[in-house]
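Please look through the structure below. The text after it starts with one helix and then turns to the chain and its surface.

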Amino acid sequence: MQSATFAKPLWQTYLLFLAPMVLSNFLQSMSGTVNSIYIGQMLGTQALAAVSGMFPVVFFFIALVIGLGAGAGVLIGQAWGARETHMVKAIAGATLLLGVLIGLVAAVLGTVFARQALTGLGTPADVLDDAVDYAHVMLWILPSLLVFVLFTQLLRGVSDTLSPLLALIVSTTVGLALTPALIRGWLGLPPLGIQSAAYAGLAGNLSAMAWLAWRLIRKGHPLAPDREFFAALRLDRVILGKVLRIGLPTGVQMIVLSLSELVILALVNQHGSQATAAYGAVTQIVNYVQFPALSIAITASILGAQAIGAGHLQRMGPILRTGLLINVCLTGGLIVLGYLLSHWLLGLFLTEDSTRAMAEHLLHIMLWSLLVFGFQAIIGGIMRASGTVLVPVVISIVCVVGVQLPAAYWLDGQFGLQGVWMAFPVAYLGMLILQTLYYKLVWKHQKIERLI
């Protein structure tokens, strides 16, 4: 498989790797969107506001696991490129066990402090109780979600993006079928109201993981949950040290981004529950564009890591250029569609005309800047493939904490709610400029070596 990867034209390798991942992100976004439509249409705007207020809290924990998976993905990619299957299993086992522990801690701490967290975020009083009820259920199913997210990242390290896609199809199908049934109490099921999407998501995740285990075992996959794989489920200090060296800064970056979203949400909440619902709707549309952009960056990072593992360093430049070009075509195309269809898309899950008009205006302010976001993410992904993460992460954190948040506060005071969204393009442009300078002036002149 490794030799075939390097034998194909680079653009073809990119697209074969990227297409299932983009489809996976599309399904994830679609699942969240359809659930929001269910909640908004069947339970009302206030219910949608309660669910939207929980998103940044859940993302806080997911961000840590995504960082962990990013670190493991680089190491697995290098080991896979070097054809060291035993090392692939060892890295995956140690990382997955740590992910399970993180999920359990998140479930306990998150449940205990859910009300305090949502109150601190300024969740509107008229939706606070519903938000807390939803949070308790969502946080207890979080371990299964984190394991699913992490394992799909590990599979991508060995160039398997098809298995995560197929598993996600199983998860999405089960979840979307169960959500309205649980909202209304169809087929003798208990009517669970706002908690329906969370319980349906749990059933979907468990079904997907069971199907994924069966598929990997049947295919003799290098990450199949067999005896050798379970033997590798131990907290290996050496391996985890290298995983955390790459993954921890990435996780910190993701956490800072999620914390910034909490600050943004707190600013939005000050404008009332209508603004909170608009925030949730805009987030749904943005996800359809931002996640594919991140997928391109992940692809660049994995392909770069495999090239390093195989000793094909001359491919690093072409991998970067191909990723930037695909970002223009894919992310740029989605942005154009977002502008053209924004009124219809937002109307899918916002029933009040005034709220939909507000959300559409906010979306138009920042949607274009996701192209810039994609450029800087791809440059960072290439550098991450070699284990260079600290400076790119610091750049992102500085731009979020030192640029975006102060700009959001100031622009909110100057222009009201729309000013909060104006801060996103400012931060993304800063990231792109600084990442590019570091790549050209520093990283390109460093010696690239295998990490494991």
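At which residue does helix 13 bend, and by about how many degrees? The bend lies at Leu341 and comes to about 75 degrees. The model shown here is predicted.

Helix 13 covers residues 316-347. Its 32 residues, at 1.5 Å a residue, should span 46 Å, and the C-alpha atoms at its ends are 43 Å apart, so the expected and computed lengths agree.

Helix 13 belongs to a protein chain with 17 helices and 0 strands. The chain has 452 residues, and a compact globule of that length would have a radius of gyration near 22 Å; the value for this chain is 21 Å, which agrees. Taken along the principal axes, the box filled by the C-alpha atoms is roughly 60 × 50 × 35 Å. Of the 452 residues, 58% count as buried.

The surface also has a nonpolar patch, formed by Val105, Val108, Leu109, Val112, Phe113 and Trp140. Together these residues have about 590 Å² of accessible area. Helix 4, which runs over residues 85-112, supplies the largest share of the patch, 4 residues.

One of the patch residues is Leu109, and its place is in helix 4. Is Leu109 buried, exposed or partly exposed? Its relative accessible area is 45%, so Leu109 counts as partly exposed. That value also fits the patch, because a patch residue needs over 30% relative accessible area.

Definitions and conventions
Residues are numbered from 1 along each chain as its sequence is written. This is a predicted model: local features need pLDDT of at least 70, side-chain atom pairs count only at pLDDT 80 or more; totals for chains, interfaces and linings use all residues. Side-chain values use heavy atoms; hydrogens and water are left out. Patches are made of residues with over 30% relative accessible area and no salt bridge: like charges are joined within 9 Å, nonpolar side chains (Val, Leu, Ile, Met, Phe, Trp, Tyr) within 5 Å. Accessible areas come from the Shrake-Rupley method with a 1.4 Å probe; for residues, only the protein chains shown count as cover. A salt bridge is a side-chain nitrogen of Lys or Arg within 4 Å of a carboxyl oxygen of Asp or Glu. Helices (H or I, at least four residues) and strands (E, at least two) are DSSP runs, numbered from the N terminus. Buried means under 20% relative accessible area, exposed over 50%, partly exposed in between (1.4 Å probe, protein chains only). The expected span of a helix is 1.5 Å times one less than its number of residues. The bend at a residue is the angle between axes fitted to the seven residues ending there and the seven starting there. The radius of gyration is taken over C-alpha atoms; the globule rule is 2.2 Å times the number of residues to the power 0.38.
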